[in-house]
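Colleague: I am new to this one, so could you walk me through the ligand site and the cavities? I will ask short questions as we go.

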Amino acid sequence: MAGVPMDQREGWIWFDGELKPWKDAKIHVLTHGLHYASSVFEGERCYGGEIFKSAEHTERLIRSAATLDMQLPYSAEEIEAAKRLVLDKNGLTDAYLRPVVWRGSEELSVPARNNKVHVAIAAWVWPSYFSTEEKLKGIRLEWSKWRRPDPATIPHTAKAAGLYMICTLSKDAAMANGYADALMLDYRGYVAEATGANVFFIKGKNIVTPTPDCILNGITRQTVIQLAKDAGYTVTERHMKPEELAEFDECFLTGTAAEVTPVSEVGEYRFTPGNGCRELIELYTAASHPAKAAAAE
Ligand code: PMP
């Protein structure tokens with residue numbers, strides 16, 4: 001399906017409680033969510049028929065919406081059932097899921113209290129394209145010119161559309177310059193996160209990752225921290241200055257879409273993906289794939 005526009009695919013999308021043909025899952029141009037970013041969303045992966053950390057993603061969706069003053073008209077159980085229904089109706093076992101919540105088109109100005117809260121869930125095939133060996137070559141990141149904002153200026157714990165404006169600007173600039181992605185600093189100048197993934201650094205059995213006090217505390221991040229600790233690594237969450245990157249041997253990103261992605265370059269700093277990245281890729285793959293997770297028990 002690569003290359004087929006997102007609004008032109010075949011299949012079914014769960015839309016406000018019912019399954020709609022993919023091409024009919026539309027909203028009006030005067031939708032509040034489009035103009036004022038009153039929108040939150042999730043990104044989830046289903047491996048071998050099981051949505052990895054499904055309950056955690058549903059909980060974050062509801063929490064993100066509540067942070068933007070939006071009360072979902074569905075319970076967590078109903079969202080869980082809807083995700084299942086979307087996968088089954090589309091015949092998907094290995095897929096990416098995109099639940100989205102937004103304010104509707106009842107009124108169009110800054111206040112949103114009279115605008116209905118809508119929910120849709122789509123799913124499509126999005127494989128992990130690269131083998132471990134291919135991944136271990138690492139991706140190249142440039143420094144973004146944009147900084148993750150102060151939590152006093154925007155609610156960073158929500159996976160909210162508005163937080164992605166500078167991610168898109170950063171990622172597009174990086175790609176135009178021949179890089180795979182951009183690494184952002186935060187408003188204080190500390191290392192923050194990539195445009196859709198968290199970042200980790202390895203030296204021997206020590207792993208350091210930025211404190212999630214103004215970035216998304218990713219579900220993959222939390223999973224990988226636990227896996228690394230269980231595998232005997234010391235994991236430290238702390239503020240990191242960019243110049244400290246010179247002290248580390250390996251670097252990787254984590255995220256639902258990125259999974260564990262080794263990094264070979266961040267601006268002027270070089271890394272050689274090796275045993276640490278390999279081990280964490282293997283541990284994360286085993287934990288997230290039900291057949292492998294069962295075999296490992
Ligand atoms: N940071 C940002 C900005 C993201 O968009 C994502 C992807 N949701 C992450 C981190 C990683 O989050 P998760 O592991 O929950 O997918």
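Here is our conversation about the ligand, the cavities and one helix residue.

Modeller: A word before we start: this is a predicted model, where local features need pLDDT of at least 70, side-chain atom pairs count only at pLDDT 80 or more, and totals for chains, interfaces and linings use all residues. Residues are numbered from 1 along each chain as its sequence is written, and side-chain values use heavy atoms, with hydrogens and water left out.

Colleague: Which residues come nearest to the ligand?

Modeller: A residue is near a molecule if one of its heavy atoms lies within 4 Å of it. There are 15 residues around the ligand, and those that come nearest are K159, Y164, E193, T220 and T256.

Colleague: How far is a polar side-chain atom of E193 from a nitrogen atom of the ligand?

Modeller: We can look at polar contacts here (pairs of N or O atoms within 3.5 Å). K159 has a polar side-chain atom 2.8 Å from a ligand nitrogen, and T256 has a side-chain N or O atom 2.6 Å from a ligand oxygen. For the polar side-chain atom of E193 and a nitrogen atom of the ligand, the distance is 2.7 Å.

Colleague: How much of the ligand's accessible area does the protein cover?

Modeller: Accessible areas come from the Shrake-Rupley method with a 1.4 Å probe. On its own the ligand has 380 Å² of accessible area, and the share that the protein covers is 95%.

Colleague: Which element gives the most to the lining of the largest cavity?

Modeller: A cavity is a set of points, on a 1 Å grid over the protein atoms alone, where a 1.4 Å probe fits but cannot get out, and lining residues have an atom within 4 Å of a point. The largest one has a volume of about 50 Å³ (the space filled by probe spheres set on the points), and its lining includes E44, R45, Y47 and T256. Strands are DSSP runs of E with at least two residues, and helices are runs of H or I with at least four. At least two lining residues come from each of α6 and β4 (44-47), and the one giving the most, with three residues, is β4.

Colleague: Is A291 buried or exposed?

Modeller: A291 sits in helix α8 (residues 290-296). Buried means under 20% relative accessible area, exposed over 50%, and partly exposed in between (1.4 Å probe, protein chains only). Because its relative accessible area is 61%, A291 is exposed.

Technical notes
A polar contact is a pair of N or O atoms within 3.5 Å; within protein, one must be able to donate a hydrogen and the other to accept it, and residues adjacent in sequence count only if both atoms are side-chain atoms. On a 1 Å grid over the protein atoms alone, a cavity is a set of points where a 1.4 Å probe fits but cannot get out, and a pocket is an open set with protein on both sides within 12 Å along at least five of seven lines; lining residues have an atom within 4 Å of a point.
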